[in-house]
Amino acid sequence: FQPLHTLRNAEKELLPGFHQFEWQPALKNVCSSWDVGIIDGLSGWTSSVDDVPADTIARRFRYDVALVSALKDLEEDIMEGLRERGLDDIMCTSGFTVVVKESCDGMGDVSEKHGTGPAVPEKAVRFSFTIMSISIRVEGEDDGFTIFQEQKPNSELSCRPLCLMFVDESDHETLTAILGPVVAERKAMMESRLIVSVGGLLRSFRFFFRGTGYDEKMVREMEGLEASGSTYICTLCDSTRAEASQNMVLHSITRSHNENLERYEIWRKNPFSESADELRDRVKGVSAKPFMETQPTLDALHCDIGNATEFYKIFQDEIGEVYQKSNPSREERRRWRSTLDKQLRKKLKLKPVMRMNGNYARRLMTREAVEVVCELVPSEERREALQRLMELYLQMKPVWRSTCPSRDCPDQLCRYSYNSQQFADLLSTTFKYRYDGKITNYLHKTLAHVPEIVERDGSIGAWASEGNESGNKLFRRFRKMNARQSKMFELEDVLK
């Protein structure tokens with residue numbers, strides 16, 4: 001146990017606001033001082049006369065200061081990477097490129113549980129970033145060299161909190177008010193270079209930001225799309241739910257942030273004086289102003305959860321032989337569900353959950369689980385179809401889960417399109433009762449978009465939101481145990 005002042009001094013070096021740096025050209029609308037620690041999340045937000053002051057507590061680091069701190073943490077890795085590549089570190093002072101993954105996620109109930117009185121519905125949102133890779137382009141060379149690659153992009157250890165706020169993620173106004181200055185800082189940094197001392201020499205870095213650590217709800221909110229129950233099922237293409245259930249596999253990514261902005265302008269102005277339905281069809285469900293650019297991708301964790309939920313429902317329907325019935329009653333469905341839960345609990349020790357979570361999803365989507373379920377399915381033919389469905393799914397899953405599919409599962413990557421076609425054929429024939437004119441959002445993305453995203457980004461799993469989700473767990477723990485008991489201090493302690 002160190003005395004408090006020694007801890008404070010040690011802490012200073014680790015927290016943003018300790019290292020000197022500058023931007024060339026200087027960042028627009030961002031103060032040039034570098035010794036900035038934790039700031040109020042509402043600072044930098046100029047409220048207009050009509051605005052009600054945002055009734056919330058938020059704390060954050062300034063984005064550029066936080067990035068410098070993260071780079072200084074990786075100083076040894078950067079120098080090691082240069083040495084491994086046989087590059088002379090004295091010559092390498094410019095041409096560095098840093099790729100940053102951004103994640104943002106809402107957390108449900110984070111209110112204090114002890115004490116009497118009603119539990120207040122207190123929600124929080126965390127925005128964080130991960131440095132995914134650093135590369136350098138040397139003069140005279142065409143290709144850049146990667147000198148640092150994050151090996152565990154989904155660990156909470158590589159996921160650095162930038163902003164914590166007590167806000168409900170559905171409260172679009174407050175969320176955008178707080179993240180507005182973050183977006184402005186990020187935009188300014190993309191047009192400038194960071195000059196900071198690494199390994200004893202001043203070096204210049206450029207930053208690329210990729211907002212991929214968002215679940216579908218957050219993507220739709222940031223990009224101005226209708227909520228996830230919309231007929232426009234996908235955040236990557238313009239397909240409607242009916243089209244996606246007819247043609248399950250052949251779609252390509254068409255949506256982008258800029259296109260969403262253009263479509264919002266059309267929605268706002270209605271230049272062709274169309275009716276509401278015609279207009280909505282023209283803009284494909286973009287009905288709010290896109291606020292923050294996200295990368296059109298698929299969130300691997302929520303894809304797991306979404307698909308497991310769907311399989312859970314298929315299991316229920318197969319136990320009740322829905323393919324023979326027209327319209328089963330609620331009671332019947334409830335009975336099948338409890339039969340399924342009992343069986344899973346008895347054979348797999350799987351406790352029923354209120355809302356599907358990652359761990360349950362991973363345990364449910366296994367050969368063992370489908371064999372256990374098949375014990376309750378009367379017809380041999382249906383049992384085979386279920387097993388085939390799971391087998392295909394397990395062939396497809398590593399492609400969007402692994403950090404580097406071309407290295408970890410090259411065979412499954414090659415066969416992905418074929419497997420997804422087989423999977424889709426099975427759904428549209430044997431399981432037609434569930435997919436007649438409807439399909440779930442994540443199942444559509446799993447079947448239609450995975451190969452294209454992997455071809456573009458090299459990975460889906462590495463860009464997922466897991467690191468941020470694991471960080472949510474820490475947030476709860478720190479808030480309960482390690483924070484000074486005042487709302488103001490609490491977020492600051494958790495940020496640290």
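**View 1. The whole chain, with its 20 helices and nine strands.** The protein chain in this predicted model has a radius of gyration of 25 Å, and the globule rule gives 23 Å for 496 residues, so the chain is about as compact as a globular protein of that length. If you'd like a box to put it in, the C-alpha atoms fill one of roughly 70 × 65 × 65 Å along the principal axes.

**View 2. Inside and outside of the protein chain.** Out of the 496 residues, 50% count as buried. The chain's accessible surface adds up to about 24,500 Å², and carbon and sulfur atoms account for 51% of that. As for who touches whom, take the contacts between residues at least 6 apart in sequence: 71% of them link residues at least 24 apart.

**View 3. Charges on the protein chain.** Here we're looking at 70 positive and 77 negative charges. Work out the mean position of each set, and the two points sit 5 Å apart.

**View 4. Strand β8 and its partner β1.** Strand β1 covers residues 21-24 and β8 covers residues 193-198; the two run antiparallel and are joined by four bridges. One pair to pick out is Phe 21, whose bridge partner in β8 is Val 196.

**View 5. The hairpin of β8 and β9.** Now follow β8 to strand β9 (residues 201-213), which runs antiparallel to it with five bridges between them. Val 196 turns up again here, as the bridge partner of Arg 203 in β9. Two residues lie between the strands of this hairpin, and Gly 199 in the turn has a positive phi of about 65°.

Note on methods: Residues are numbered from 1 along each chain as its sequence is written. This is a predicted model: local features need pLDDT of at least 70, side-chain atom pairs count only at pLDDT 80 or more; totals for chains, interfaces and linings use all residues. Side-chain values use heavy atoms; hydrogens and water are left out. The radius of gyration is taken over C-alpha atoms; the globule rule is 2.2 Å times the number of residues to the power 0.38. Buried means under 20% relative accessible area, exposed over 50%, partly exposed in between (1.4 Å probe, protein chains only). Contact means heavy atoms within 4.5 Å. Accessible areas come from the Shrake-Rupley method with a 1.4 Å probe; for residues, only the protein chains shown count as cover. Lys and Arg count as positive and Asp and Glu as negative; His and the chain ends are not counted. The place of a charge is taken as NZ of Lys, CZ of Arg, CG of Asp or CD of Glu. Two strands pair if DSSP finds at least two bridges between them.
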